[in-house]
Amino acid sequence: MRALKGANVSGLVARNPRHRYCSPDAWEATSAMASKIRGADILARTLDGAGLRTIFTLSGNHIMALFDAALGTGLQLVHVRHEAAAVHMADAWARLTGQCGIALVTGGPGHANAVGALLTALAAESPLVLLSGHAATHELGRGAFQELPQADMALPATKAAWTAHSAHELGRDLARAVRIARSGRPGPVHLSLPLDLLEQKLEDTPALWPHAAEFAPISQPLADRAADAALAGAKRPLVLGGPTLCTTSGRALLRRLAAATGVPAIGMESPRGINDPSLGAFAEVLAQADLIVLLGKSHDFTLRFADPPFVDRACRFIAVEPDAALIDRVGKEKGPRLMASAIADAAEAAERLIARSLRAVRPSEPWAREVAEAIAYRPSSWPARVADTAEKVHPLQLCHAIAPHLAQDRNAILICDGGEVGQWPQAVLAPARRIINGVAGSIGAAIPFAIAARLAEPVAPVIAVMGDGTFGLHMAEFDTAVRYRLPFVAVVGNDATWNAEYQIQLRQYGADRAHGCELLPARYDLVATALGGHGELVTTAGEMGPAMQRAVASARPACLNVMLQRVPAPVLRRNA
Ligand SMILES: Cc1ncc(C[n+]2csc(CCOP(=O)(O)OP(=O)(O)O)c2C)c(N)n1
Ligand SMILES: [Mg+2]
């Protein structure tokens with residue numbers, strides 16, 4: 001299938017001449033052919049025409065018509081080993097390319113496998129569409145094969161979920177799904193595709209094909225009056241952005257906003273919230289803020305619900321938010337301390353705030369400096385280079401060996417996943433391109449993320465750090481990476497423990513009551529080699545650097561299985 005990418009085969013397929021993606025030449029060549037097409041053809045060609053060509057999928061009875069319809073289009077099917085991995089890949093693809101990701105799975109159990117992964121994309125505000133095959137409409141309620149209320153299942157994990165009801169509408173359903181995924185706070189959308197609609201043959205008429213505008217997000221700009229209110233003077237203001245503003249372009253926007261207004265602008269995308277080690281000692285300055293502008297940042301557990309002592313009891317709030325329900329939430333939680341609110345998209349609102357910044361009263365510079373220093377704080381006890389010892393590797397040593405590979409190319413991508421080990425690279429490595437599993441706090445996506453990252457970034461290093469427990473969730477995707485020749489380096493911090501949970505047991509119940517979190521120091525490197533990748537066992541810090549070099553040079557999907565000290569993740573406070 002991969003070979004089909006970009007292949008000029010449009011002359012082989014009948015497309016409607018008024019469909020905007022069909023060149024007149026292609027129509028000339030095909031108009032003599034049958035004018036009947038299948039519902040599956042409508043979907044495949046609509047995806048192709050909209051430029052949504054990378055499809056993360058796993059086959060199944062209900063979607064084979066779509067596999068067939070993909071032939072002769074520009075679609076590239078990347079077929080994987082677990083449906084959740086397909087969703088994680090679509091998620092990472094969206095975060096890195098800015099496109100809407102597309103995952104395609106079969107009905108019933110295939111769909112059920114995919115649903116859990118939607119939660120990661122939902123919390124990460126990542127736009128994707130999950131297309132799932134579905135029992136035929138005329139068999140529903142009669143005990144159809146793999147019949148399930150699929151849209152109902154997906155709904156809590158998506159922005160919208162529905163089952164297509166007419167083959168004629170399939171192209172428009174897709175456009176609508178993409179539009180919803182990309183509008184407001186971006187996120188996943190689900191569309192179930194009954195088998196009979198995919199196989200139904202119908203006349204090819206212009207009404208079948210959505211126009212490009214139907215895919216475009218609906219914009220909610222910020223009014224100037226609201227922008228000026230948000231920039232009204234405060235002594236110690238903070239702008240907080242959510243995951244939408246934590247992509248590479250989102251972070252650049254936050255930096256421009258801070259420079260233009262003098263107000264520190266901070267992106268939050270970690271389930272560790274105010275303890276996110278990539279934010280240093282941010283919790284200390286958060287507690288001193290007198291005004292918090294929630295710029296698409298939901299008022300939730302990541303902010304400890306903005307209650308004292310984490311946020312001052314007199315602190316005021318402004319909510320600039322695409323979702324009215326989340327503005328209501330701030331109103332309920334903070335009462336009259338919610339000074340102003342506006343329904344607006346986060347990125348567009350940031351641009352508006354920058355444009356209006358000249359009118360703003362700038363806060364004092366010492367405050368901005370204080371915030372910057374708190375965020376930059378890392379303990380002086382963390383040496384720049386940790387000396388090699390004969391002991392197991394410390395997570396900082398693991399990070400130091402990765403750093404030069406990220407520094408060598410500004411397009412390099414770092415992926416951080418669960419649990420304790422994943423916090424260390426977030427604390428000490430800050431490449432321009434980074435994906436973390438995100439606010440959902442769901443472990444396991446790292447290897448699927450790395451595969452999608454390699455598809456989005458063909459050259460620069462892709463390095464994924466994860467725990468040994470996390471590696472186990474999607475290790476079969478090494479097979480996918482080998483089949484598609486997609487090299488990356490999985491750096492597995494192997495402490496033979498579900499350490500994040502073990503640390504909770506130590507803190508809350510005591511060492512003598514810790515159980516159910518032990519793993520084996522298993523040879524995950526041999527899993528990678530067995531599946532055709534490159535694998536190495538690393539037992540000391542001194543071996544780490546050369547092993548990284550060889551892994552990158554192998555140009556294969558690689559696993560460094562690093563025997564790691566079982567230490568807790570850092571929580572950074574200057575006065576602790
Ligand atoms: C899907 C999912 N299952 C379980 C958890 C709970 N959980 C969070 S971190 C963690 C341990 C991860 O272990 P490992 O990947 O080995 O990393 P370590 O903490 O040992 O560094 C677990 C079980 C979760 N967050 N998500
Ligand atoms: Mg572990």
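Me: Which strands each supply at least two residues of the lining of the largest cavity?
Reply: In this predicted model, the largest cavity has a volume of about 100 Å³ and is lined by 14 residues, with Ala-230, Leu-231, Ala-232, Pro-237 and Val-263 lying nearest its centre. The strands that each give at least two residues to this lining are S9 (237-241) and S11 (291-295).

Me: How many residues of each class, nonpolar, polar and charged, does the lining of the largest cavity have?
Reply: Pro and Val count as nonpolar, as do Ala and Leu, and residues of these kinds lie nearest the centre, including Ala-230 and Val-263. Taken over the lining of the largest cavity, the division by class is 12 nonpolar, 2 polar and no charged residues.

Me: Which helices each supply at least two residues of the lining of the second largest cavity?
Reply: The second largest cavity, with a volume of about 50 Å³, is lined by residues among them Ala-44, Leu-47, Leu-66 and Ala-70. Its lining divides into 8 nonpolar, no polar and no charged residues. The helices that each supply at least two of the lining residues are H2 (39-49) and H3 (64-70).

Me: What are the protein donors of the magnesium ion (ligand 2)?
Reply: The donor residues are spaced D-x26-D-x1-T in sequence. Distant parts of the chain are linked here, with Asp-468 in helix H18 (residues 468-473) and Thr-497 in the loop between strand S17 (489-494) and helix H20 (499-508), 29 residues apart. Both Asp-468 and Thr-497 are buried. Lying 2.1 to 2.2 Å from the magnesium ion (ligand 2), the protein donors are Asp-468 (OD), Asp-495 (OD) and Thr-497 (O).

Conventions: Residues are numbered from 1 along each chain as its sequence is written. Chains are lettered from A and ligands numbered from 1 in the order in which they are written. This is a predicted model: local features need pLDDT of at least 70, side-chain atom pairs count only at pLDDT 80 or more; totals for chains, interfaces and linings use all residues. Side-chain values use heavy atoms; hydrogens and water are left out. On a 1 Å grid over the protein atoms alone, a cavity is a set of points where a 1.4 Å probe fits but cannot get out, and a pocket is an open set with protein on both sides within 12 Å along at least five of seven lines; lining residues have an atom within 4 Å of a point. Grid points are joined across faces, edges and corners, and a volume is the space filled by probe spheres set on the points. Helices (H or I, at least four residues) and strands (E, at least two) are DSSP runs, numbered from the N terminus. Donors are N, O and S atoms within 2.8 Å of the metal (3.2 Å for Na, K and Ca); water is not among the atoms, so sites may look incomplete. Buried means under 20% relative accessible area, exposed over 50%, partly exposed in between (1.4 Å probe, protein chains only).
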